[in-house]
Amino acid sequence: MLPNTGKLAGCTVFITGASRGIGKAIALKAAKDGANIVIAAKTTQTHPKLPGTIYTAAEEIEAAGGKALPCVVDVRDEQQINSAVEKAVEKFGGIDILVNNASAISLTNTLDTPTKRVDLMMSVNTRGTYLTSKACIPFLRKSKVAHILNLSPPLNLNPLWFKQHCAYTIAKYGMSMCVLGMAEEFRGEIAVNALWPKTAIHTAAMDMLGGSGIESQCRKVDIIADAAYSIFKRPKSFTGNFILDETILKEEGISNFDVYAFAPGHPLIPDFFLDEHPDETMKKTESHDPVPQVKEEKPQPQPQLQTQQQPQPPPQMQTQPPPQMQTQPPPQMQTQPPPQMQTQAPPKPHFGAVEETFRIVKESLSDEVVRATQAVYQFELSGEDGGTWFLDLKSKGGKVGHGEPSSRADVVMSMTTDNFVKMFSGKLKPTMAFMSGKLKIKGNIALAIKLEKLMTQMNARL
């Protein structure tokens, strides 16, 4: 990990959303230098599933060697922002660094995103970042350090990152556009940059969404804290950059990133908005072993994927010439199959593979699984022998079957039969499928993540 140098001793760092997670990790890293930390967050009472308040964070910061000022701040409230800035200046004499970390997320498509949720994301992510920056800038201008750091992604206009969660992308990109604009507006006075993780970062919120065990696919918050610290050490001329945590730490000489992993060597969930991930990581995380039930099948192209590059057939199929290249008589003259194929067994239908998958899923169900999940899933499978299936993890003992569930589904997942079998057999990560558009999700995304954990437990049997 990146060692502290003491460079931030006496500096005042104003951090939104610093009561837990990434915001608190950045605060603790700076506190080790002896920095003053303004904890601008909403939480004053412990949440049953999200531990930490502005007061418990203040205790940890002071124990680490810093000074803390806990301030109740909802970044949607301009008056609360201005009040916290005034208190910070009054207590510490100014503001040297601003970290816009507070954020709201809803990974839902346009029709499934309530207006109230749209307003929340726009108000917290874009408007909150803008107003907090505006309030701090007069004091940042007086600082010799003078940094604004937004936890936001590179501005990637690939439609892939809009089609599944348009409102969230717009709101998050609003933070990034603040970087683009303010970096130029205050060039020479204040460094303004964005920092984004290359992989998923484990926080209490991630636990709540994905359930216990999700941490093995994530990195620790320490990697973001170290990356932020590296940025703070740089001069004001280092501005207008969209930085990945791993990239800047490599510049610091760090080459072994296992120190940031919960389970070194375990595949990591890539973060959103990075083009290299959906396609490249898909190739790495999809097993090259064929799925036994469908290994003799030819992949069926699906309408929704026709505008994308089609996946290559598995190795064992590449030695067979495609149908249009076989030198066979025209269809009306073919009364017999080609001689070389007469001894081959006919390919197994997709429906058999799906049915077998659900049979194994049913055998894996228990009251314990039902209690831990409490959700009804509906699967809309397209392609040859596709159809509607359900997995009921609310009813006693759990139920699976063909057709719609008896009660309304909490999550509806749409995909091809090929990808369905691959997902449940561990050949295709659901996160990768969702990010690349192979899987569409309607409903509760948190319950969808819970299903991924259940799939992992079943992989050995499938």
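Let's start with Cys 11: at 7% relative accessibility, that residue counts as buried. Cys 166 comes out at 27%, so Cys 166 is partly exposed. And disulfides? The count there is 0. Keep in mind, as you look at the screen, that this is a predicted model.

Okay, the overall picture. The protein chain has 462 residues, and buried ones make up 50% of them. You'll find 16 helices and 12 strands in the chain. Now take the contacts between residues at least 6 apart in sequence: 73% of those join residues at least 24 apart. As for the surface, the chain exposes about 22000 Å², with carbon and sulfur atoms supplying 53% of that.

Next, please find helix H8, residues 222-232. How much of helix H8 is buried? Well, 10 of its 11 residues are, so the helix is largely enclosed by the rest of the structure. The buried ones include Ile 223, Ile 224, Asp 226, Tyr 229 and Phe 232. And what do the buried residues of H8 pack against? On the helix side, there's H1, residues 21-31, and also H9. Then there are strands: E4 at 97-100, E5 at 147-151, E6 at 191-196 and E7 at 242-244.

Stay with Tyr 229 for a second, one of those buried H8 residues. The charged end of Lys 29 sits over the Tyr 229 ring, 5.3 Å from the ring centre. There's another arrangement of this kind with Arg 234, whose charged end sits over the ring of Phe 238, 4.9 Å from the centre.

Which brings me to aromatics. How many aromatic pairs does the structure hold? There are 14. Let me show you one of them, Trp 161 with Phe 272: the ring centres are 6.2 Å apart and the planes sit at 70°, which is edge-to-face. In sequence these two are 111 residues apart, and the pair links distant parts of the chain. Trp 161 belongs to helix H5, residues 160-163, while Phe 272 is in the loop between helix H9 (245-251) and helix H10 (276-285). Are they buried or exposed? Trp 161 is buried, with a relative accessible area of 0%, and Phe 272 is buried too, at 15%.

Trp 161 has another partner, Phe 273. Here the centres are 5.9 Å apart and the planes are at 55°, so this pair is tilted. Phe 273 is also in the loop between H9 and H10, so its pair with Trp 161 in H5 ties together parts 112 residues apart in sequence. Phe 273 is buried, just as Trp 161 is.

Zoom out a little and you'll see these rings belong to one aromatic cluster: Trp 161, Phe 162, Tyr 168, Tyr 173, Trp 196, Phe 272 and Phe 273.

Last stop, Ser 425. You'll find Ser 425 in the loop between helix H14 (417-424) and helix H15 (430-435). Ser 425 has a relative accessible area of 8%, so we call it buried, the cut-off being under 20%. What does the side chain of Ser 425 reach at 2.7 Å? That's the backbone oxygen of Val 421. The backbone oxygen of Lys 422 also comes in, at 3.3 Å from a polar atom of the Ser 425 side chain.

That's my tour, so over to you for comments.

Notes. Residues numbered from 1 in each chain as written. Predicted model: local features only at pLDDT ≥ 70, side-chain atom pairs only at ≥ 80, totals over all residues. Heavy atoms only, no water. Phe/Tyr/Trp six-rings, centres within 6.5 Å; stacked < 30°, edge-to-face > 60°. Helix = DSSP H or I, 4+ residues; strand = E, 2+ residues; numbered from the N terminus. Buried < 20%, exposed > 50% of the residue type's maximum accessible area, 1.4 Å probe, protein only. Lys NZ or Arg CZ within 6 Å of the ring centre and 35° of its normal. Polar contact = N/O pair within 3.5 Å; in protein donor to acceptor, adjacent residues only side chain to side chain. Contact = heavy atoms within 4.5 Å. Areas by Shrake-Rupley, 256 points an atom, 1.4 Å probe, with all protein chains shown as cover. Disulfide = S-S within 2.5 Å.
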